[in-house]
Amino acid sequence: MASRISELVIPSQDPQRLAAFWCEVLDFVVLSTEEGTVEIGPREGFGGLQPTLFFLPAAEPKTGQLRMHFDVNATDRDQDAELERLLKLGARPADVGQRGDESWRVLADPEGNEFCLLSGRLG
């Protein structure tokens, strides 16, 4: 028997806005909203193969580079097309010290949380 990740908790200054962004990025839906928090996840809901994301209100803005971050892969287009889509959704390029020859792209969500767009496509 082992454990598995069921939820990822993300403090945010605007849980609704950040949840909406990540719903678009991941094709997730809002599963619940309570007392300023928003939980999003796959359409089949909590407990499936993918963890849900739980956005909690935070008084302070994010400072510094995250110690953990998401890696995402496109499912139906190449990396360049997915990069263009993510930028239109509100992501922006981020510099975390990469050399420039990496196969991934480092981005930040609307609150500055870093994530990587990997080059491979998941089917």
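**Entry 1: the second largest pocket**

I began with the second largest pocket, for which I noted a volume of about 460 Å³, and I keep in mind throughout that this is a predicted model. I then looked up its lining and found 26 residues, among which Val9, Ile10, Leu66, Met68 and Asn113 lie nearest the centre of the pocket. Asking which elements build this wall, I found that strand E1, residues 7-12, and H1 each supply at least two residues of the lining, and that E1 gives the most, with five residues. By character, I recorded the lining of this second pocket as 14 nonpolar, seven polar and five charged residues.

**Entry 2: the largest pocket**

I turned next to the largest pocket, whose volume I wrote down as about 600 Å³. Its lining has 23 residues, and those I found nearest its centre are Val25, Leu26, Phe28, Gln50 and Asn73. Here I looked for the contributing elements again, and helix H1 (15-26), strand E5 (70-74) and helix H2 (79-89) each supply at least two residues of the lining. Which of them gives the largest share? I found that E5 does, with five residues of the lining. The lining of the largest pocket divides into twelve nonpolar, three polar and eight charged residues.

**Entry 3: Thr37 and the hairpin of E2 and E3**

I moved on to Thr37, which I located in strand E3, residues 37-41. Is Thr37 buried or exposed? I noted a relative accessibility of 13% for Thr37, and because buried means under 20%, Thr37 counts as buried. Leaving aside neighbours within four places in sequence, I listed the contacts of Thr37 as Ser32, Phe54, Phe55, Leu56 and Pro57.

I then followed the pairing of this strand, and found that strand E2, residues 29-34, and E3 run antiparallel to each other and are joined over five bridges. Thr37 is itself the bridge partner, in E3, of Glu34, and I also found a polar atom of the Thr37 side chain 2.6 Å from the backbone oxygen of Glu34. Between the two strands of this hairpin I counted two residues, and I noted that Glu35 takes a positive phi near 45°.

**Entry 4: Leu49**

I looked up Leu49 and placed it in the loop between E3 and strand E4, the latter covering residues 52-57. The relative accessible area of Leu49 came out at 85%, and since exposed means over 50%, I entered Leu49 as exposed. I also checked Leu49 against Arg4, and although the two are 45 residues apart in sequence, I found their C-alpha atoms 9.4 Å apart in space.

**Entry 5: Gly112**

My last residue was Gly112, which I found in the loop between strand E7 (105-108) and strand E8 (114-121). Gly112 has a relative accessibility of 13% and therefore counts as buried. Which residues does Gly112 touch, not counting those up to four places away in sequence? I found two names to write down, Lys62 and Arg92. I also looked at Pro61, which is 51 residues from Gly112 along the chain, and noted a separation of 9.0 Å between the C-alpha atoms of the two.

Technical notes:
Residues numbered from 1 in each chain as written. Predicted model: local features only at pLDDT ≥ 70, side-chain atom pairs only at ≥ 80, totals over all residues. Heavy atoms only, no water. Helix = DSSP H or I, 4+ residues; strand = E, 2+ residues; numbered from the N terminus. Buried < 20%, exposed > 50% of the residue type's maximum accessible area, 1.4 Å probe, protein only. Polar contact = N/O pair within 3.5 Å; in protein donor to acceptor, adjacent residues only side chain to side chain. Contact = heavy atoms within 4.5 Å. Pairing = 2+ DSSP bridges. 1 Å grid on protein atoms, 1.4 Å probe; cavity = no way out; pocket = protein on both sides within 12 Å on 5 of 7 lines; lining within 4 Å. Points joined across faces, edges and corners; volume = space filled by probe spheres on them. Nonpolar A, V, L, I, M, F, W, Y, C, P; charged D, E, K, R; others polar.
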